Amino acid sequence: MEKKIPQHISVIMDGNGRWAKEKGKARVFGHRNGVKAVREITEACAEVGVKYLTLYAFSTENWGRPSFEVNALMGLLVETLKAEIATLNKNNIRLKAIGDLTGLPPKTYKALLQGMEDTAANNHMTLVLALNYSSRWDITNAVRRIAEECNSGALDYSEITADTISQYLSTADIPDPELVIRSSGEQRLSNFLLWESAYSEFYFTPVYWPDFTKAHLHEAIASFQNRDRRFGKV
Ligand code: IPE
Ligand code: IPE
Ligand code: MG
């Protein structure tokens, strides 16, 4: 079988809180250590030739967490973005984001825009952060915008295809993920890339996100390479 590297891998980074709890530490300690795994997996993906890596970093539903934790996550994001831009540039990695970005705290939004601007010319790999993201938000937003286009006469409703819908999602210029990884033993999508992962391969691992290493990434890719992707055919 051909050993193909997925063009796009997306990751539901889960288990930071449980990782910390097992160590008798606060959840935020888990998030801090989760950043190390982000660094390691970004590097690993760039090394093997993945073109897009999407990381689910903060869901729309995550606003429901205690404000202390939400604030810590947003702060950590600003800190990490600022610290990692140089490395992203060194490794020729472009930063992108999907989600309702205007709903982020101003400092986070600003750091994100700066990071995207500073790395815009890079072309080895695209690192996509899903922030204040949920798939149902994205699809709802797309439907609203398509309806507006129909109203204004720019689009005829009879011409709407699956591709039209894809084009109005925040993932419009990103290919669908071939491989979706979720850490921490949970086996659900939690509102992540519902439309885009229609034909993705899924890889679930019990490893908590802060413990996720390059070797785990390589294992996930190896598992992907042994799958028979039939796309409804025989
Ligand atoms: C994933 O780890 C990080 C985010 C959702 C931001 P969790 O914080 O969900 O960790 P668990 O699932 O509670 O262990
Ligand atoms: C999914 O993890 C969201 C992110 C990884 C950012 P959660 O921990 O929020 O998901 P549930 O609540 O277990 O479904
Ligand atoms: Mg979780």
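This is a short tutorial chat about the ligand sites, the pocket and the cavity in a predicted model.

User: Before we start, what is this model, and how are things numbered?

Analyst: It's a predicted model, where local features need pLDDT of at least 70, side-chain atom pairs count only at pLDDT 80 or more, and totals for chains, interfaces and linings use all residues. Residues are numbered from 1 along each chain as its sequence is written, chains are lettered from A and ligands numbered from 1 in the order in which they are written, and side-chain values use heavy atoms, with hydrogens and water left out.

User: Okay, which residues surround ligand 1?

Analyst: A residue counts as near if one of its heavy atoms lies within 4 Å of the molecule. Here the shell includes Met13, Asp14, Asn16, Arg27, His31, Asn62, Arg65 and Leu73. Helix 1 (16–22) and helix 2 (27–48) each supply at least two shell residues, and helix 1 has the largest share, with three. Helices here are DSSP runs of H or I with at least four residues, strands are E runs of at least two, and both are numbered from the N terminus.

User: Where are the polar contacts of ligand 1?

Analyst: A polar contact is a pair of N or O atoms within 3.5 Å; within protein, one must be able to donate a hydrogen and the other to accept it, and residues adjacent in sequence count only if both atoms are side-chain atoms. For ligand 1, an oxygen sits 2.7 Å from a side-chain N or O atom of Arg65, and one is 2.8 Å from a polar side-chain atom of Arg27. With Asn16, a polar backbone atom is 3.1 Å from a ligand oxygen. Of the 380 Å² of accessible area that ligand 1 has on its own, the protein covers 87%. Those areas use the Shrake-Rupley method with a 1.4 Å probe, and for residues only the protein chains shown count as cover.

User: And which residues make polar contacts with ligand 2?

Analyst: Ser190 puts a polar side-chain atom 2.6 Å from an oxygen of ligand 2, Arg188 does so at 2.8 Å, and Arg65 at 3.3 Å. Alone, ligand 2 exposes 390 Å², and the protein buries 77% of that. Strand 2 (residues 52–59) gives the most to this shell, with four residues.

User: How do I read pockets and cavities?

Analyst: Rolling a probe the size of a water molecule over the atoms shows where empty space is left. On a 1 Å grid over the protein atoms alone, a cavity is a set of points where a 1.4 Å probe fits but cannot get out, while a pocket is an open set with protein on both sides within 12 Å along at least five of seven lines; lining residues have an atom within 4 Å of a point. A molecule sits in one if more than half of its atoms lie within 2 Å of its grid points. The largest pocket holds ligand 1, and ligand 2 takes space in the largest pocket too.

User: What is the volume of the largest pocket, and what lines it?

Analyst: Its volume is about 950 Å³, meaning the space filled by probe spheres set on grid points joined across faces, edges and corners. The largest pocket has 44 lining residues, with Met13, Asn16, Val38, Tyr56 and Ala57 nearest its centre. Helix 3 gives the most, ten residues.

User: How many cavities are there?

Analyst: The search finds one of 30 Å³ or more. The lining of the largest cavity includes His8, Thr54, Ile98 and Glu196.
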